[in-house]
Amino acid sequence: MKKNIGTSDRVIRIILAVGIGYFAYSTEFDTQWIKTVLYIVSAVLFITLITGFCGIYKLFGINTCKL
């Protein structure tokens, strides 16, 4: 896997991941599946942040990493 996520993308992803995770944790929902989906989205953002690779970017040929 070749890295395709740059520094600015990483900053945006960590802010979104923490925000979504906190929102899911602190908000009371009528159904549990909404909270689960938000936790999964947050986890995917963290995984792409750590690995530096985004499959959707690869699909569309986007590369924000300056190598």
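This is a short dialogue on reading helix packing, an aromatic pair and burial in a predicted model.

Trainee: Let's start with the helices. At what angle do the axes of helix 1 and helix 2 cross?

Mentor: Keep in mind that this is a predicted model. Helix 1 covers residues 7–26 and helix 2 covers residues 32–51; their axes cross at roughly 155 degrees and come within 9 Å. Angles over 145 degrees count as roughly antiparallel, so that is the label for helix 1 and helix 2. As for handedness, helix 1 passes helix 2 in a left-handed crossing.

Trainee: Which residues of helix 1 and helix 2 make the contact?

Mentor: From helix 1 the list includes I14, A17, I20, G21 and A24, and from helix 2 it includes L38, S42, L45 and L49. Sorted by class, the contact has 14 nonpolar, four polar and three charged residues.

Trainee: Let me pick one of those. Is S42 of helix 2 buried or exposed?

Mentor: The cut-off for buried is under 20% relative accessible area. S42 has a relative accessibility of 6%, so it counts as buried. Leaving aside residues up to four places away in sequence, S42 touches A17, I20 and G21, and those three are on the helix 1 side of the contact.

Trainee: Now the rings. How many aromatic pairs does a search of the whole structure find?

Mentor: One. In general, you describe such a pair by the distance of the centres and the angle of the planes. Here the pair is F23 with F29: the ring centres are 5.8 Å apart and the planes stand at 75 degrees, so the pair is edge-to-face.

Trainee: What are the relative accessible areas of F23 and F29?

Mentor: F23 is partly exposed, at 42%, whereas F29 is buried, at 19%.

Trainee: What about the loop after helix 2? Which residues does G52 touch?

Mentor: G52 is in the loop between helix 2 and helix 3, the latter being residues 55–60. Not counting residues up to four places away in sequence, G52 touches K3, N4, I5 and R10. Take N4: it is 48 residues from G52 in sequence, yet their C-alpha atoms are 6.3 Å apart in space. G52 is also buried, with a relative accessible area of 0%.

Trainee: And K2, in the segment before helix 1: buried or exposed?

Mentor: Exposed: K2 has a relative accessible area of 62%. Try the sequence-versus-space reading here as well: K2 and R13 are eleven residues apart in sequence, and their C-alpha atoms are 18 Å apart in space.

Terms used:
Residues are numbered from 1 along each chain as its sequence is written. This is a predicted model: local features need pLDDT of at least 70, side-chain atom pairs count only at pLDDT 80 or more; totals for chains, interfaces and linings use all residues. Side-chain values use heavy atoms; hydrogens and water are left out. Axes are lines fitted to C-alpha atoms, for helices over the stretch in contact, and angles run from 0 to 180 degrees between N-to-C directions. Helices (H or I, at least four residues) and strands (E, at least two) are DSSP runs, numbered from the N terminus. Angles under 35 degrees count as roughly parallel, over 145 as roughly antiparallel, 65 to 115 as roughly perpendicular and the rest as oblique. A crossing is left-handed if the near helix is turned anticlockwise from the far one by less than a right angle, and right-handed if clockwise. Contact means heavy atoms within 4.5 Å. Ala, Val, Leu, Ile, Met, Phe, Trp, Tyr, Cys and Pro count as nonpolar, Asp, Glu, Lys and Arg as charged, and the others, Gly among them, as polar. Buried means under 20% relative accessible area, exposed over 50%, partly exposed in between (1.4 Å probe, protein chains only). Rings of Phe, Tyr and Trp (its six-membered ring) pair if their centres lie within 6.5 Å; planes under 30 degrees apart count as stacked, over 60 as edge-to-face and the rest as tilted.
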